[in-house]
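Here are some notes to read beside the model. Keep the structure open and find each residue as it comes up.

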2 protein chains.
Amino acid sequence: MGRLFSGGLFCIGGAGRRIAFSFIFGSVESFFAYIASFVRLSEESREELTAVLRPMELPKGHSLLRPGGVCKHFYFIGKGLSRTYYFKDGKDVTDWISTEGSIAVSIISFLTHQPDIRGIELLEPSSLLAISHTDLEQLYTRFHDIERLGRLLISAGIIQLQQRFDDLHFASAHERYQRLIDTTPSLINRVPLGMIASYLGITQETLSRIRAQH
Amino acid sequence: MGRLFSGGLFCIGGAGRRIAFSFIFGSVESFFAYIASFVRLSEESREELTAVLRPMELPKGHSLLRPGGVCKHFYFIGKGLSRTYYFKDGKDVTDWISTEGSIAVSIISFLTHQPDIRGIELLEPSSLLAISHTDLEQLYTRFHDIERLGRLLISAGIIQLQQRFDDLHFASAHERYQRLIDTTPSLINRVPLGMIASYLGITQETLSRIRAQH
DNA sequence: AATAGCTTTTGACATATATCAAAAGCCGTC
DNA sequence: GACGGCTTTTGATATATGTCAAAAGCTATT
C-alpha cells in the first residue's frame, strides 16, 4: 500500500492532504506519504523501515515519555495530538506541540541517549508510529537512503526550531500569538489555553488578555 | 596530515584541545579533528571532502553573507569569530555567534536555498573553510559516510539550538547571562556588549545593569 | 437543574525589562 | 596629550508582562 505514494504523485498539496490520507489509510501510509516529500526510498529500504514501525493507538493523557527519562523512540503522529513539556521552577512549560503528520520526540535526549527533563504526553486519543532509536541506527548504517532520510528529517526539524527561536528572540507576546494563529489556527480549539500560553513563552493571563483585544 | 587525527587519538579533550590544533596546523586539520568526533570517514571520502574545502583568511568586518541573500556555503571557523545577525524593526539582532572550532551558517537559507534576512560577518580576522552547498550535496549522494557526517553535524546543531531555545523560553535575563558566562566566558571580552545583549535577547542597557550587580 | 471540577477571564498591583537621554570611559590618530 | 569616534554605564521614566486572587464560564455527572 505504501507503494501508492512512492512515486510522489500524492505528495502534492502538502500537510492538509497528508492528514486526509492518514485518516483514511492509517499511520503507516501517512508516514510514508510524509517521508516521500523528503526522499525516494528503495524498495528494500522501504520494507526494512516498515518492519521496524510500531503502530499504536493510545488514549488521551497517555505518557509517551516520562520527564527525566531517556527518549528511546520518536513518534510519528498519524492522528491526534501530543505535547512535549517540562517543569521549570515548579511551573509546567509546554516546549513543543506535535500535530498529525508531524513528529513527537525529546530531541536532545533522543540524539544524546541522555536523560532529559522533558516528557511527552498525548492531548487527544491518537494513532502513532513508534520508531526505536536502536532500530533506526541500524537502518542508518545499512541503508544510505535511510541515513539521508534521517538527515532531511532533522533538517526539517532545525528549520522549525529556528523559526520558533526567532519568534521568542525578539517578537512581542502579541506577535507570537498572531504567528500561531497564522500558522496553526486549529491548535487554539484543541489545546488548553495555559499550554498554548507557555508554548508561546507567556502566562495564561497575558494570553487571555491578548485574545480579548482581538 | 589529516591522517594524524583519523584514529580519534587526538579527539579526546573536546573543544579546547581542537582549538590548539587549529592554531598549530590550520583550518583544514582543525576541521578534520572536529569531524572525527562525529564519524570515521573512509580514505576516499576524506580526500574528496578535502578537495572541496576552500580555506580563506579574511579581515575583521568582512561579510560572509549579505542580509537578504541565499546562503550557499557554510563556514568552519578555524580561527577567529563570526556572528549571524539580522534587522528586526530597524534594530540589529545578533542571532548566533560562532567561535573557532564551530560552524557559521544561515541554516534556514542553506537548507532551503531561499533568501533569508540573516547576514554573517566576521568579528575578528579569521581563517575559515568554506564548503559549498552544491559540492556538499554531491558528496552526500556519492558517499554514505559523508551523508552521515551531515546528519550528525545537523544533529549537533539542533541540540545547541534547542538549548538556546530553552534559555529564551523561560529563563530571566540574569539566568541567560549567567549561562553564557558558564558556557563561553571568552565571548565577553571579544564581542561588543550590544551584540552579546541582543544575542541574549535583551537590550544593551539591561545587560550592563546585570553586569554591574555582579 | 444543581453540584463539582475544570478552564478562562478580569482586576489590582508588582516587577522585569525597554526606552530615551546623557555622561563616562576607552582607544587610536593626528 | 588632546581630539573624535567609538562602547559602556548610569539615570529617569515608560511599558509589557507577571503574579496573586477572585469571578465567570463550561461540561459532565448526579
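The points below go from the single chain to the interface, then to salt bridges, cysteines and two individual residues.

1. **Status of the model.** Please keep in mind throughout that this is a predicted model. Every value below is computed from it.

2. **Chain A as a whole.** Begin with the secondary structure. Chain A has 11 helices and eight strands. The chain runs to 214 residues, and 55% of them are buried. Now look at how the chain folds back on itself. Take the contacts in chain A between residues at least 6 apart in sequence: 68% of these join residues at least 24 apart.

3. **The interface in numbers.** How many residues of chain B are in contact with chain A? The count is 40, and they meet 40 residues of chain A. The size of an interface is often given as the accessible area lost when the parts come together. Here chains A and B bury about 3,800 Å² between them. Carbon and sulfur atoms account for 64% of that area. Three residues deserve a label in your figure: Arg151(B), Phe165(B) and Phe170(B). Together they supply 18% of the area that chain B buries against chain A, more than any other three residues.

4. **Charged and polar links across the interface.** Eight salt bridges run between chain B and chain A. One of them pairs Lys88(B) with Glu175(A), with the closest N and O atoms 2.9 Å apart. Polar contacts between the two chains come to 20 residue pairs, both residues being at pLDDT 80 or more.

5. **Which elements of chain B face chain A.** Two strands, β4 (81–88) and β5 (91–99), each supply at least two residues to the side of chain B that touches chain A. The helices α5 (107–112), α6 (133–142), α7 (144–170) and α10 (193–200) of chain B each do so too. Which element gives the most to this side? It is α7(B), with 19 residues. By class, the side of chain B that touches chain A has 18 nonpolar, 12 polar and 10 charged residues.

6. **A salt bridge between two helices.** The whole structure has 26 salt bridges over all chains. Glu48(A) and Arg142(A) form one of them, at 3.3 Å from N to O. Glu48(A) sits in helix α4 (residues 43–52) and Arg142(A) in helix α6 (residues 133–142), so the pair links distant parts of chain A, 94 residues apart. Are these two side chains in buried or partly exposed residues? Glu48(A) is partly exposed, at 26% relative accessible area. Arg142(A) is also partly exposed, at 48%.

7. **Arg118(B) and its two partners.** The side chain of Arg118(B) meets Asp95(B) in a salt bridge, at 3.4 Å from N to O. Asp95(B) lies in strand β5 of chain B, and Arg118(B) in the loop between α5 and β7 (119–122), so the bridge ties together parts 23 residues apart in sequence. Arg118(B) also forms a salt bridge with Asp116(B), at 2.7 Å from N to O. Burial is worth checking here. Asp95(B) is buried at 3% relative accessibility. Arg118(B) is buried, with a relative accessible area of 3%. Asp116(B) is buried at 12%.

8. **A network that spans both chains.** Look next at Asp95(A), Asp116(A) and Arg118(A). They are linked with Asp166(B) in a network of salt bridges.

9. **Cysteines.** A disulfide is a covalent bond between the sulfur atoms of two cysteines. How many are there over all chains? The count is zero. Cys71(A) is buried, with a relative accessible area of 3%. Cys71(B) is buried too, at 4%.

10. **Glu124(A).** This residue lies in the loop between β7 (119–122) and β8 (126–132) of chain A. The side chain of Glu124(A) makes a polar contact with that of Arg190(A), at 2.8 Å. Leaving aside neighbours within four places in sequence, Glu124(A) is in contact with residues including Leu58(A), Pro59(A) and Lys60(A).

11. **Thr99(A).** Thr99(A) belongs to strand β5 (residues 91–99) of chain A. It is buried, at 19% relative accessibility; the cut-off for buried is under 20%. Beyond four places in sequence, Thr99(A) touches Ile77(A), Gly80(A), Leu81(A) and Leu187(A). Thr184(A) is 85 residues away along the chain, yet the C-alpha atoms of Thr99(A) and Thr184(A) are separated by 9.4 Å.

Notes: Residues are numbered from 1 along each chain as its sequence is written. Chains are lettered from A and ligands numbered from 1 in the order in which they are written. This is a predicted model: local features need pLDDT of at least 70, side-chain atom pairs count only at pLDDT 80 or more; totals for chains, interfaces and linings use all residues. Side-chain values use heavy atoms; hydrogens and water are left out. A disulfide is a pair of cysteine sulfur atoms within 2.5 Å. Buried means under 20% relative accessible area, exposed over 50%, partly exposed in between (1.4 Å probe, protein chains only). Contact means heavy atoms within 4.5 Å. Buried area is the accessible area (1.4 Å probe) that two parts lose on being put together, summed over both. A salt bridge is a side-chain nitrogen of Lys or Arg within 4 Å of a carboxyl oxygen of Asp or Glu. A polar contact is a pair of N or O atoms within 3.5 Å; within protein, one must be able to donate a hydrogen and the other to accept it, and residues adjacent in sequence count only if both atoms are side-chain atoms. Helices (H or I, at least four residues) and strands (E, at least two) are DSSP runs, numbered from the N terminus. Ala, Val, Leu, Ile, Met, Phe, Trp, Tyr, Cys and Pro count as nonpolar, Asp, Glu, Lys and Arg as charged, and the others, Gly among them, as polar.
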